[in-house]
Amino acid sequence: MGNKGKMMVALVVLGLLVQGTVAHPCGSTFFSALVQLIPCRASVAPFSPIPPNEACCTAVKVLGQPCLCVLVNGPPISGVDRSMAMQLPEKCSVNFEPCELAKKKE
């Protein structure tokens, strides 16, 4: 098994661990919430024309608006365009309020 295979196994294991925290998906960690949105990766890449798939939309619904906003306002995520991530609820026809972007303290 190459590095790619090991990475997928690690992600699957993490995904299974995260499923145990569904009651408070954002109450655990930023990373565990991020893992749940792996199916959305192609849809939130910068300038991506790819619409979110069913697995992505299901993940967005399970996470909920507060959790998605935690991710949007969290640390930068490599390969993820925040504005694309903020459009996921609309693209998935999920009835969320838009996320408020955290104001940077100057």
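**Exercise 1.** Are cysteine 40 and cysteine 56 buried or exposed?

*Solution.* Bear in mind as you look that this is a predicted model. Start with the bond: a disulfide joins cysteine 40 to cysteine 56, with an S to S distance of 2.0 Å. Next, place the partners: cysteine 40 sits in the loop between H2 and H3, while cysteine 56 belongs to helix H4, 16 residues apart. Finally, the answer: both cysteines, 40 and 56, are buried.

**Exercise 2.** Find the partner of cysteine 57 and work out the handedness of their link.

*Solution.* Cysteine 57 is joined by a disulfide to cysteine 92. The angle about their S-S bond is -80 degrees, and the link is left-handed. This pair ties helix H4, home of cysteine 57, to the segment after H7, where cysteine 92 lies.

**Exercise 3.** Explain why cysteine 69 counts as buried, then trace its disulfide.

*Solution.* First, locate cysteine 69 in helix H5. Its relative accessibility is 11%, and buried means under 20%, so cysteine 69 counts as buried. Now follow the sulfur: a disulfide joins cysteine 69 to cysteine 99, S to S 2.1 Å. The torsion about that S-S bond is about -90 degrees, so this disulfide is left-handed. Cysteine 99 lies in the segment after H7, 30 residues from cysteine 69.

**Exercise 4.** Which helices do the buried residues of H5 pack against?

*Solution.* Begin by listing those buried residues: Cys67, Leu68, Cys69, Leu71 and Val72. Then look around them: they pack against helices H2 (30–36), H4 (54–63), H6 (82–86) and H7 (88–91).

Key. Residues numbered from 1 in each chain as written. Predicted model: local features only at pLDDT ≥ 70, side-chain atom pairs only at ≥ 80, totals over all residues. Heavy atoms only, no water. Buried < 20%, exposed > 50% of the residue type's maximum accessible area, 1.4 Å probe, protein only. Helix = DSSP H or I, 4+ residues; strand = E, 2+ residues; numbered from the N terminus. Contact = heavy atoms within 4.5 Å. Disulfide = S-S within 2.5 Å.
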